[in-house]
Amino acid sequence: MVSKKHPINAGYRRSSVTSPYGLTRETQRALTRMIAAARAKGVRIVVRSGYRSYAQQKQILASKIREYGSESLARRYNAAPGRSEHQTGLAVDLWDGVTWGVGVRNTKTGKWLWANAWRYGFILRYPNGKEKITGYAFEPWHYRYIGARAKDFGANSNQTLEEYLGLA
Ligand SMILES: [Zn+2]
């Protein structure tokens with residue numbers, strides 16, 4: 001669990017790292033299987049973001065605050081360093097390579113992921129309407145690898161990891 005309430009420090013190290021996205025070995029293996037399964041159904045999954053370091057996250061938040069001109073707005077979508085799942089190598093941002101933003105939910109890729117990602121050990125980490133629990137606005141692109149327990153979430157789930165772990 002990494003979130004606004006459960007931060008990790010700058011020295012946090014992941015157990016195993018793979019290229020090209022810096023994901024843990026297990027996460028990458030599951031992602032590769034998922035992308036292949038989607039492709040077989042005619043669905044294109046593009047990885048927009050995988051691992052991000054503490055330093056990179058710090059830069060991203062600073063530039064988003066400048067871009068939005070509002071720190072609180074920037075923080076709804078962008079984690080502070082040490083509070084991003086991307087620092088664990090267990091999280092990925094996925095899209096179809098065309099439509100970014102909340103519109104991802106209505107793309108073929110977004111729909112397929114929400115229905116099928118659990119089969120490969122991934123859950124939609126920031127579901128719609130759960131901002132009070134997760135601390136983040138709806139992100140239909142952000143998936144978190146949790147392994148076999150993803151089957152407890154199933155297709156089109158709006159359950160949060162916080163609720164599942166009894167932390168909500
Ligand atoms: Zn993300």
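Author: Let's begin with what a donor is: an N, O or S atom within 2.8 Å of the metal. Keep in mind that we're looking at a predicted model.

Reader: Okay, so which residues coordinate the zinc ion, and through which atoms?

Author: Three residues do the job here: His86 through NE2, Asp93 through OD and His142 through ND1, at 2.0 to 2.1 Å. Water is not among the atoms, so a site like this may look incomplete.

Reader: What spacing do the donors follow along the chain?

Author: Read it as H-x6-D-x48-H. The long gap belongs to Asp93 in strand S2 (residues 91-95) and His142 in strand S4, which sit 49 residues apart and link distant parts of the chain.

Reader: And are Asp93 and His142 buried or exposed?

Author: The cut-off for buried is under 20% relative accessible area. Asp93 comes in at 7%, so it counts as buried, and His142 is buried too, at 2%.

Reader: Let's move on to the aromatics. How many aromatic pairs are there?

Author: Two rings pair if their centres lie within 6.5 Å, and by that rule the count is six. Take Tyr126 and Tyr136: the ring centres are 4.8 Å apart and the planes meet at 55°, so this pair is tilted.

Reader: Where do Tyr126 and Tyr136 lie?

Author: Both are in loops. Tyr126 lies between strand S3 (122-124) and helix H5 (131-134), while Tyr136 lies between H5 and strand S4 (142-145), so the pair ties together parts 10 residues apart in sequence. Tyr126 is buried, with a relative accessible area of 4%, and Tyr136 is buried at 2%.

Reader: How do the rings of Phe153 and Tyr164 sit?

Author: Their centres are 4.8 Å apart with planes at 50°, so that pair is tilted. Phe153 is in the loop between S4 and helix H6 (161-164) and Tyr164 is in H6 itself, so the contact joins parts 11 residues apart in sequence. Phe153 is buried at 11%, whereas Tyr164 counts as partly exposed at 26% relative accessibility.

Reader: Which residues form an aromatic cluster?

Author: Trp95, Trp100 and Trp141 form one.

Reader: Last one: which charged residues sit over the rings of Trp100 and Tyr136?

Author: For a Lys, you check whether NZ is within 6 Å of the ring centre and within 35 degrees of the ring normal; for an Arg, you check CZ. The charged end of Arg48 sits over the ring of Trp100, 4.0 Å from its centre. Lys4 lies over the face of Tyr136, 4.4 Å from the ring centre.

Definitions and conventions: Residues are numbered from 1 along each chain as its sequence is written. This is a predicted model: local features need pLDDT of at least 70, side-chain atom pairs count only at pLDDT 80 or more; totals for chains, interfaces and linings use all residues. Side-chain values use heavy atoms; hydrogens and water are left out. Rings of Phe, Tyr and Trp (its six-membered ring) pair if their centres lie within 6.5 Å; planes under 30 degrees apart count as stacked, over 60 as edge-to-face and the rest as tilted. Helices (H or I, at least four residues) and strands (E, at least two) are DSSP runs, numbered from the N terminus. Buried means under 20% relative accessible area, exposed over 50%, partly exposed in between (1.4 Å probe, protein chains only). Donors are N, O and S atoms within 2.8 Å of the metal (3.2 Å for Na, K and Ca); water is not among the atoms, so sites may look incomplete.
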